[in-house]
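Subject: Structure handover

Hello,

Here is the structure I promised to pass on. Please open it alongside this email and follow along.

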Amino acid sequence: MRLSRRGLLRAGLAGTAATALGGLATGCSVPTGSTGRNMVLWYWSGGLSETVVKQARARYDSAVNLKATQIGGYYRSKLLTTMTGRAHIPDIVGLKGEDMASYLPNADQFVDLRTLGAEKYKPQYLDWKWQQAVADDGSLIGFPIDVGPIVHYYQPTVFEKAGLASEPEDVSREMDTWEKFFAAGEQLKKRIKGAYLLIDILSVYENSVNQGTKRYVDKDKHFIGDQEHIRAAWDRAVEAKRRGLLSSIVSGTPDANSAIENGRLPSQLGASWAAGDLKLNLPKTKGKWRVANCPGGPANNGGSFLAITKACREPKRAFEIITWMLNADNQAQGFIDAGLFPSTPASYEMEKLREPDPFFGNQIVMDVFGPAAQEIPVAYNSPYDVALGQPIKDEMKNVGALGKNPEKAWKDAMSKCRRIAEHLGVSI
């Protein structure tokens with residue numbers, strides 16, 4: 001069974017890299033990396049365009065022997081193990097976006113890209129994405145690969161049958177708030193027997209959190225997951241459950257696929273890369289989908305970086321390779337090849353990204369993806385967000401799947417968070 005990009009992202013969230021990274025020694029001699037003409041690039045399957053990687057090897061062949069290696073399994077763990085071992089460390093490494101905050105406290109293990117002239121490239125990239133790779137001391141450790149703007153995927157024929165707006169512009173306008181979206185879901189459920197607006201409760205909770213400017217821990221290492229911004233997202237998800245808008249089907253299962261194909265799950269909120277999952281897993285639904293704005297405002301899920309390790313013998317050459325691989329034209333190619341949505345706004349106007357998409361009824365989906373990507377709110381991402389957000393998500397799932405009392409679930413989540421915060425040295 002193929003693990004979707006959504007599944008890979010969630011799998012990568014297990015544990016907190018803040019603890020693991022604590023094992024990286026600082027103040028030691030430069031570790032052993034590549035030598036001579038050799039330069040090693042580590043990334044994961046689907047993390048870069050294979051076309052661009054191949055072209056980079058050919059383009060820089062006269063200067064370096066670029067060995068690009070896809071690392072399978074738990075990428076972050078393998079990278080950390082190699083770096084702590086201080087031998088055979090790759091020169092250029094991919095850093096997954098959901099892990100970036102955990103690398104920042106150990107920024108000295110990577111080259112500060114500002115020292116190589118990165119600032120002159122900054123205007124070419126989404127500012128909020130650029131800021132995600134900036135450490136507290138101002139150093140820049142990652143160069144943006146892609147982003148994951150959240151959109152509303154829906155089936156227009158089902159919406160029309162339910163008496164709802166069905167054209168993308170109309171859906172975006174008439175379901176622009178969560179309340180309007182929920183009201184549409186109630187009408188959908190009333191008009192289409194057995195239909196539900198969304199598959200699970202986390203799609204409401206997580207996207208609501210990601211629409212804000214705060215997460216679970218602030219810059220002063222203080223737990224803020226008990227504050228209004230998180231409680232509001234929690235209450236909104238609980239409200240969707242209370243109003244009967246969420247199915248009891250497990251995402252990614254044959255039952256879920258059948259319900260989607262039959263129009264009983266005609267709506268979902270997902271990142272730009274989820275379009276690839278739909279095409280791969282539900283080919284029979286080709287032409288039945290459209291894309292509209294996410295209710296409640298733009299949000300992001302996913303997107304990664306390339307970094308240069310301190311082991312690199314030729315950081316200037318490595319930076320030259322990175323900036324070429326991640327320029328606007330090559331990022332457009334990355335979207336075509338691997339669904340990597342560009343972090344370079346100039347790509348959004350390129351003709352090759354503005355082709356009508358037959359899977360989405362010949363809609364030019366860039367008209368939705370592009371503006372959404374440029375309006376993502378800037379939020380501080382703490383190394384401790386994963387560890388302190390997980391108990392809340394776990395209890396949220398207990399509410400959605402097991403029917404646990406929401407107030408009891410919230411209290412249990414806060415109790416778990418307090419214990420974890422104390423262990424991590426995060427103040428309450």
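Below is what I found, taken element by element.

One caution to begin with: this is a predicted model.

**The sheet**

Start with the open sheet. Five strands form it, in the order S2-S1-S3-S9-S4. The pairing is mixed. Strand S2 (65-70) and strand S4 (143-144) are the edge strands, and each pairs on one side only.

Now walk across from S2. Strand S1 (residues 38-43) runs parallel to S2, and six bridges join the two. To find the register, look at Trp42, which stands opposite Thr69 in S2.

On to S3. S1 and S3 also pair in the parallel sense, over two bridges. Here Leu41 stands opposite Ile92 in S3.

The sense changes at the following pair. S3 and S9 run antiparallel, joined by four bridges. Gly94 stands opposite Leu306 in S9.

Which way do the residues of S3 point? Ile92 and Gly94 point one way, while Val93 and Leu95 point the other way. All of them are buried.

**Helices across the sheet**

Two helices are worth a look here. Helix H3 (residues 50-59) lies across S1 and S2. H3 runs at about 160° to S2.

Helix H14 (residues 315-325) lies across S1, S2, strand S3 (92-95), S4 and strand S9 (305-308). H14 runs at about 170° to S9.

**The cavity**

How many cavities of 30 Å³ or more does a search of the whole structure find? One. About 100 Å³ of space lies in this cavity.

Its lining draws on several stretches of the chain. Leu48, Ser49 and Val52 are among the lining residues, as are Ile145 and Asp146. The lining also includes Met325, Leu326, Asn330, Gln331, Gly334, Leu340 and Pro342. Helix H15 (residues 328-338) gives the most to the lining, with three residues. By character, the lining residues divide into seven nonpolar, four polar and one charged.

**Asp329 in H15**

Stay with helix H15 for a moment, as Asp329 lies there too. Is Asp329 buried, partly exposed or exposed? Asp329 is partly exposed, because its relative accessible area is 40%, which falls between the 20% limit for buried and the 50% limit for exposed.

Leaving aside neighbours within four places in sequence, Asp329 is in contact with Met350 and Lys352. Ile192 is another matter. Asp329 and Ile192 are 137 residues apart in sequence and 44 Å apart in space, C-alpha to C-alpha.

**H10 and Pro298**

Next, turn to helix H10 (residues 202-210). H10 is mostly covered, with nine of its nine residues buried. Among them are Leu202, Tyr205, Glu206 and Asn210. Ser208 is buried as well.

Ser208 leads to Pro298. The two are 90 residues apart in sequence, yet 9.5 Å apart in space, C-alpha to C-alpha. Pro298 is found in the loop between strand S8 (290-293) and S9.

What does Pro298 contact, leaving aside its neighbours within four places in sequence? Asn210 and Gln211 are on the list. So are Ala372, Glu375, Ile376 and Pro377. Asn210 belongs to H10 and is buried there.

Best wishes

Definitions and conventions: Residues numbered from 1 in each chain as written. Predicted model: local features only at pLDDT ≥ 70, side-chain atom pairs only at ≥ 80, totals over all residues. Heavy atoms only, no water. Pairing = 2+ DSSP bridges. Contact = heavy atoms within 4.5 Å. Axes fitted to C-alpha atoms, helices over the stretch in contact; angles between N-to-C directions. 1 Å grid on protein atoms, 1.4 Å probe; cavity = no way out; pocket = protein on both sides within 12 Å on 5 of 7 lines; lining within 4 Å. Points joined across faces, edges and corners; volume = space filled by probe spheres on them. Nonpolar A, V, L, I, M, F, W, Y, C, P; charged D, E, K, R; others polar. Buried < 20%, exposed > 50% of the residue type's maximum accessible area, 1.4 Å probe, protein only.
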